[in-house]
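Please look through the structure shown here and follow the account below it.

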Amino acid sequence: MDSQPDLPIPISYVSGRYLLFSIDAVTYLRREHNICGVLIGTLPQIPQQNVFLGLPLELMPEEARLLVDKGVACIVDETKAHDSMNTLLEEDRRRYLRDLEAQGLHASRLHADRKEQQKEQALKNRINDKNANPKAKAAAGAAAQTPEDALSTPSKKDDAAVVDLFAAEDPSTPSRDASSTPTPSQNAMGITPATSYPPLSIPPSSSHLPAPVVPPSYPLFAHLHSRGYFLSPGLRFGCQYTAYPGDPLRFHSHFLVVSYDWDENIDLMDLIVGGRLGTGVKKGFLIGGAEKTLDDVESEADRVDSVRTFSLEWAGM
Amino acid sequence: MADVDEDVVQTPATGQVEVDLSDETQDFRFLNHLNFLSDAASPSIPRRGEKDFEPNPTEHQADVLSASRDAMHNALSFPRLHRPKTTIIGYYAPGGYAAQAELDAQQDAQQAKQDEKTSESTQKKTPPDASKAATKPVNVSSDACVFVPNPKGQFFKTLGQADRKNRVWLLPEEALYLLERGSLDIRWPSTSDPEAVSIPMSLQAAYACFVGHGGLTLERFSVYTGLKRLGYALVRAPGWSDEVEATEDTDPASEPSPPKLHGPGLAGILGSLFKWIHDPRKTASTATGPIIGFGIHRHYMDVYRKLAIIPWYDPVTAPPSKPSDTTPPFRVVFHIYKPSTPFKKSAPPAPDFRVAVVSTRDQTTMPTLPQLGALLESTPLDPPHGEKMQRMMYMRLRHGYRNVVMAVVDQGVVSYLRIADSAFGKEKLFENKGGPQGNKRGGRGPGGPNKPKRR
Amino acid sequence: MTNTQPQPPTIRPEPSALSAQTSSATHQSPSAATSTQVLHNLQHQHLWTSLLTHTIPTPLPSSTKRQTQTHAVTLVSGIPPHRVYTHPDEQLWMLENGIREDDLRPERMFVIPTAHGQAWSLATMAAVFDDLPRVAGGLVEYGHGESGDDEMERKLTRYYEKREMARESREWGSQRLLLAMVDRGMGGDGTVAYYVVQEGEVKPRQN
């Protein structure tokens with residue numbers, strides 16, 4: 001799970017937005033680069049709710065820019081890249097379909113096994129109940145997984161196996177089962193893969209798009225990121241970014257962040273309002289911006305060093 | 001961010017979620033309670049986890065975080081599988097229905113030729129079928145780009161449009177939604193070689209092909225899919241296309257708009273009020289004074305009424321506007337139906353909600369009053385009615401006379417704001433003996449849940 | 001009612017102490033008047049003592065690029081009766097070492113007086129912070145309180161040593177000021193709102 005995807009990670013540019021479809025890239029960027037993005041997709045295992053969402057991951061242009069500037073990622077025009085679907089070689093097409101089918105068969109088998117296991121477990125429980133009636137309650141309790149158990153074993157075996165199936169970024173994966181079971185089978189499950197690579201091959205660097213255009217708040221964003229903060233879009237909470245001291249999976253945010261240009265007129269009432277808003281939810285209101293403008297320096301990155309920030313809290317008097 | 005420490009969650013099917021869990025990054029560890037590969041278990045939403053204030057160097061914290069990340073990794077790796085027996089297959093048709101119909105015709109002709117050659121005796125079904133189908137009107141949007149030859153299952157009750165061959169055509173948002181939830185296997189068109197086996201479309205490919213097609217922005221899709229996940233039915237509104245022409249008289253939305261005044265009493269009072277304003281014989285003059293006029297005033301009401309000299313806007317008399325009068329993005333693009341509303345896709349009823357979608361990266365300022373006004377006026381009159389509304393003034397004010405929902409999408413995070421045209425001018429406080437009525441009684445009357453929100 | 005003396009024609013109410021002060025003082029700039037009002041508020045509403053004013057030059061916002069027009073801001077400083085702000089980590093340290101806030105000697109705090117509607121910018125804020133050490137130099141002294149309790153004296157000595165280190169390392173936050181905003185909207189109602197402003201990312205207090 002601590003796999004390292006090949007760098008630079010291609011970020012899909014689709015209709016003006018920056019998206020990630022590879023789970024390995026998502027996990028890696030979160031772990032190594034404090035980039036969280038926002039999950040916007042439906043989780044196929046629980047599709048009728050909005051609490052847990054899945055791939056794709058939408059990145060802010062700021063996040064994409066930061067990764068590109070760091071050399072960790074590149075921007076791929078995904079619509080254009082998919083044009084080559086039409087020119088796929090027959091050979092590649094066949095091989096890809098065979099791989100998918102092998103994976104589908106594997107999934108079918110897993111599924112059947114799981115059903116079998118469940119049946120067995122149910123049967124066992126029933127026998128236990130009969131044999132040891134006084135202890136029935138205890139047995140049932142043990143059979144039901146306690147929350148602690150679930151926490152300590154985050155990856156159940158079966159899940160891990162299914163995950164393996166979709167390590168599609170690894171170019172060696174598809175060929176693994178290619179030789180086995182080439183015959184078409186009624187049992188193979190159909191699969192909708194998360195990414196198109198394979199069958200497509202990674203676009204050459206010459207086709208990469210330029211670094212994303214970023215809003216004037218970028219220097220502040222990059223500054224806070226360089227200090228180890230995790231940043232999320234903040235409009236929902238009344239600010240530009242929310243800044244977390246660690247992974248938002250684990251930590252509450254510390255700051256409601258608003259960026260200003262260095263000489264931009266600040267309505268003092270906005271400072272009061274922001275300070276009030278933050279204090280009400282035990283967060284600081286953080287304003288800041290770069291002292292240097294793009295005219296002063298050579299690149300956007302150089303402005304980041306000239307960022308100054310100020311934290312506001314209600315004084316309680 | 002409201003860190004409300006409440007864990008109360010109801011399933012979305014039963015109604016409102018008290019704490020909006022989607023506000024916060026969720027701990028995916030809690031998804032592990034769900035038995036992923038079993039189909040029988042209807043998964044419930046897990047409870048949220050406890051969070052810490054700041055990182056500390058303890059191993060415990062690192063372990064918990066790493067467990068959360070692993071769980072997230074697992075949950076997001078969950079594959080989209082299609083069981084052979086129940087799988088629904090769709091085909092991507094980049095050219096849309098028109099191109100496909102042309103292709104069909106060619107194939108039909110070829111088929112007919114072949115059939116003639118091989119077996120002249122066999123009666124072909126195709127020609128009579130085709131002629132019969134030709135009489136059936138086809139109502140497939142030109143934006144539709146995926147067709148499903150064998151549409152079975154619940155989804156097609158609310159999604160898609162059928163063509164002559166009983167294939168269902170899906171709009172890009174419909175196709176992407178179904179593929180993403182793992183309910184549809186979409187295939188690439190089999191290019192030049194008809195023998196070639198078609199390749200399933202990946203999630204990535206679907207986003208690349210469908211977002212940006214036919215006016216579907218990522219923000220619109222986020223709104224669409226977010227509401228679909230909660231069980232709402234959505235259809236595109238006439239304002240979907242930026243180049244709206246003033247030809248959308250088929251809009252079912254514009255039907256219920258007779259400006260009805262509620263309660264004969266108020267209507268009478270209003271009438272007399274207007275009469276008074278235009279009555280030149282009165283001694284009152286707002287220009288030279290006195291405002292109230294000479295004479296004997298027997299009642300405070302008369303005085304107050306005469307003091308009401310500031311003109312106010314009446315939403316009832318406002319002229320309706322067309323979507324073409326509005327400025328994108330402040331324009332209704334979706335009609336929304338509650339799960340409880342009987343919905344027929346061939347004849348959608350008047351929508352429960354109208355939604356405009358705004359992207360924070362394209363629209364960085366608040367709407368101007370004219371923009372907001374035009375947006376509201378493009379919606380039909382929806383005056384407060386019903387016994388409760390009659391009784392409770394604040395509820396009336398909150399409900400307003402026209403309303404629209406604005407979905408503000410900030411980089412994938414959607415906030416919904418209901419904007420209503422409140423008619424404060426219509427509420428004569430001085431006519432309420434005993435002060436404002438409604439929800440203040442004992443704090444917890446029948447109007448409890450409708451208490452005006454504290455700001 | 002017995003009529004005793006002829007009434008004087010009109011009786012004006014005594015002007016408030018603040019009005020008297022602001023009308024008598026001659027101010028070079030509107031901001032100086034604001035400072036006077038804030039000083040007055042600190043003195044009489046919040047019972048601060050040893051109040052002083054300090055003038056520092058700041059750039060005006062949106063003054064043409066690098067053509068920094070400056071105007072003077074009059075800071076107010078004084079000693080509050082109770083500590084206004086304690087950094088969360090400092091609070092923790094004090095708790096662990098058995099020191100209460102009241103054990104510490106009151107300290108001088110600096111205040112930027114502003115009025116609603118006044119021009120303000122990051123550049124202004126930065127200029128104030130940059131000039132603070134000069135203004136505050138020699139005014140901030142942590143003496144030892146005379147508690148007469150040896151145990152407490154030792155604790156306090158440790159505290160002030162730690163405090164000095166924390167100032168260097170910025171682990172208990174960096175320079176801080178109070179931003180005072182006078183409400184001038186609708187004629188103003190005399191309300192002054194106070195917010196703690198600190199340079200840099202200083203984590204919020206949790207209580």
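The paragraphs below take up a helix, an annotated span and a sheet in turn.

The model is a predicted one. Helix α1 of chain A covers residues 23-33. Because 8 of its 11 residues are buried, α1(A) is largely enclosed by the rest of the structure. A residue counts as buried here if 20 or more other C-beta atoms lie within 10 Å of its own. The buried residues of the helix are I23(A), D24(A), A25(A), V26(A), T27(A), Y28(A), L29(A) and R30(A). Their packing partners in chain A are the strands β1 (9-14), β2 (17-20) and β4 (54-59), along with helix α2 (61-69). Chain B contributes as well, since the buried residues of α1(A) also pack against α1 (59-77) of chain B. Just after α1(A) comes N34(A), with a positive phi of about 55°.

Further along chain A, the UniProt record, an unreviewed entry, places the feature "domain: tRNA intron endonuclease catalytic" at residues 218-289. Within residues 218-289 of chain A, helix accounts for 31% and strand for 26%. The end C-alpha atoms of that span lie 9 Å apart.

Chain B holds an open sheet of 5 strands with mixed pairing, in the order β4-β5-β3-β2-β6. The edges are taken by β4 (161-162) and β6 (185-187) of chain B; each has a single partner strand, so one side of each is left without a neighbour in the sheet. At one of these edges, β4(B) pairs with strand β5 (residues 168-170) of chain B in the antiparallel sense, over 2 bridges. In β5(B), W169(B) is the bridge partner of Q161(B).

Note on methods:
Residues are numbered from 1 along each chain as its sequence is written. Chains are lettered from A and ligands numbered from 1 in the order in which they are written. This is a predicted model: local features need pLDDT of at least 70, side-chain atom pairs count only at pLDDT 80 or more; totals for chains, interfaces and linings use all residues. UniProt positions are given in the numbering used here, feature names are shortened, and annotations may be inferred rather than shown by experiment. Helices (H or I, at least four residues) and strands (E, at least two) are DSSP runs, numbered from the N terminus. A residue is buried if 20 or more other C-beta atoms lie within 10 Å of its own, exposed if 12 or fewer, and partly exposed in between; C-beta atoms are placed from the backbone. Two residues are in contact if their C-beta atoms, placed from the backbone, lie within 7 Å. Two strands pair if DSSP finds at least two bridges between them.
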